[in-house]
Amino acid sequence: MASGWFYLSCMVLGSLGSMCILFTAYWMQYWRGGFAWDGTVLMFNWHPVLMVAGMVVLYGAASLVYRLPSSWVGPRLPWKVLHAALHLLAFTCTVLGLIAVFRFHNHSRIAHLYSLHSWLGITTVVLFACQWFLGFAVFLLPWASQWLRSLLKPVHVFFGACILSLSITSVISGINEKLFFVLKNATKPYSSLPGEAVFANSTGLLVVAFGLLVLYVLLASSWKRPDPGALTDRQPLLHDRE
């Protein structure tokens, strides 16, 4: 029964995650003119799409790999590789999203990293990079002792949840900041809730719902992988013989 609820939650998460990306892309296409890779505002439009796809949806999916009941039996190495690969894909999207916004700022002679949104965002990305490299070095490469892995595992899990929470906060602040900028001198200002504002705010609510459900699944004790013991837990990348 527990696994049935888990897979139902996964279906809901898949739907919410897809909607988060599609809604963000539709907002940029329909109201903000579409996409380009030329340094203009159309290049900036890649930034919200890539950040939502990478730092929220793919990051959330990667975080839930060890909650899959099928990962509870057999060797852990394939699941470790999948976990790391999904996070690496998320990080790739994130880097492309940062390139889009920095190139737009350079092209338009706009200052970098002056808003709270940008501070939150860059802090989240730096933490994400440190988290990934530490996880790769400790949990995949063969040098780390079982004692060190056991010591760092709770820290790794804690910062994983923190990074997802910061990602959601960054997205929400970014949506609000973008609406303030583009609707500041519009015929219908942000305060009058034109169609774009309603749609963008709804997108933000989808992001929050997705993130909260991911955190719930992560924290639900009945969906955590049982501790397999030291023997099966220690399966480094370079010494796997399964």
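A charge sits over a ring if NZ of Lys or CZ of Arg is within 6 Å of the ring centre and within 35 degrees of the ring normal. The structure is a predicted model, in which local features need pLDDT of at least 70 and side-chain atom pairs count only at pLDDT 80 or more, while totals for chains, interfaces and linings use all residues. Residues are numbered from 1 along each chain as its sequence is written, and side-chain values use heavy atoms, with hydrogens and water left out.

**Exercise 1. A charge over a ring**

Task: find which ring Arg76 lies over, and at what distance from the ring centre.

Solution. Arg76 lies over the face of Tyr66. The distance from the ring centre is 5.0 Å.

**Exercise 2. Helix α3**

Task: compare the span of helix α3 (residues 46-63) with the expected span, then locate its bend and state how many of its residues are buried.

Solution.

Step 1. Helices (H or I, at least four residues) and strands (E, at least two) are DSSP runs, numbered from the N terminus. The expected span of a helix is 1.5 Å times one less than its number of residues.

Step 2. For the 18 residues of α3 this rule gives 26 Å, and the end C-alpha atoms are 24 Å apart, which agrees.

Step 3. A bend of about 30° is found at Ala53 of α3. The bend at a residue is the angle between axes fitted to the seven residues ending there and the seven starting there.

Step 4. Buried means under 20% relative accessible area, exposed over 50%, and partly exposed in between (1.4 Å probe, protein chains only). In α3, 16 of the 18 residues are buried, so the helix is largely enclosed by the rest of the structure.

**Exercise 3. Aromatic pairs of Trp132**

Task: classify the pairs that Trp132 forms with Phe133 and with Phe136.

Solution.

Step 1. Rings of Phe, Tyr and Trp (its six-membered ring) pair if their centres lie within 6.5 Å; planes under 30 degrees apart count as stacked, over 60 as edge-to-face and the rest as tilted.

Step 2. The whole structure holds 14 aromatic pairs. In one of them, Trp132 and Phe133 are 5.3 Å apart centre to centre with 90° between the planes, an edge-to-face pair.

Step 3. For Trp132 and Phe136 the centres are 5.4 Å apart and the planes are at 10°, so this pair is stacked. The two residues are four apart in helix α5 (residues 116-140), and are therefore separated by about one helical turn. An α-helix has 3.6 residues a turn, so residues three or four places apart point the same way.

Step 4. Trp132 is buried at 17% relative accessibility, Phe133 is exposed at 52%, and Phe136 is partly exposed at 27%.

Step 5. Elsewhere, ring pairs link Phe23, Tyr26, Tyr30, Trp31 and Phe199 into a cluster.

**Exercise 4. Two buried helix residues**

Task: place Val171 and Thr124 in their helices and list what each touches.

Solution.

Step 1. Val171 is in helix α6 (residues 146-182) and counts as buried at 11% relative accessibility.

Step 2. Contact means heavy atoms within 4.5 Å. Leaving out residues up to four places away in sequence, Val171 touches Val52, Val56 and Val207.

Step 3. Val171 and Met55 are 116 residues apart in sequence, with their C-alpha atoms 9.0 Å apart in space.

Step 4. Thr124 lies in helix α5 and is buried, at 2% relative accessible area. With the residues up to four places away not counted, Thr124 touches Met55, Ile163, Leu166, Ser167 and Ser170.

**Exercise 5. Positive phi**

Task: locate Leu113 and Leu193 and describe the phi of each.

Solution.

Step 1. Most residues other than glycine have a negative phi, and most peptide bonds are trans.

Step 2. Leu113, in the loop between α4 and α5, has a positive phi of about 50° although it is not a glycine. Leu113 is partly exposed at 39% relative accessibility.

Step 3. Leu193 is in the loop between α6 and α7 (195-219), and its phi is also positive, about 50°. Its relative accessible area of 49% makes Leu193 partly exposed.

Step 4. Arg109, which follows α4, has a positive phi near 55°.

**Exercise 6. The UniProt domain**

Task: describe the span that UniProt assigns to the domain.

Solution. The unreviewed UniProt entry places "domain: Cytochrome b561" at residues 12-219. UniProt positions are given in the numbering used here, feature names are shortened, and annotations may be inferred rather than shown by experiment. In the model, residues 12-219 are 77% helix and 0% strand, with end C-alpha atoms 17 Å apart.
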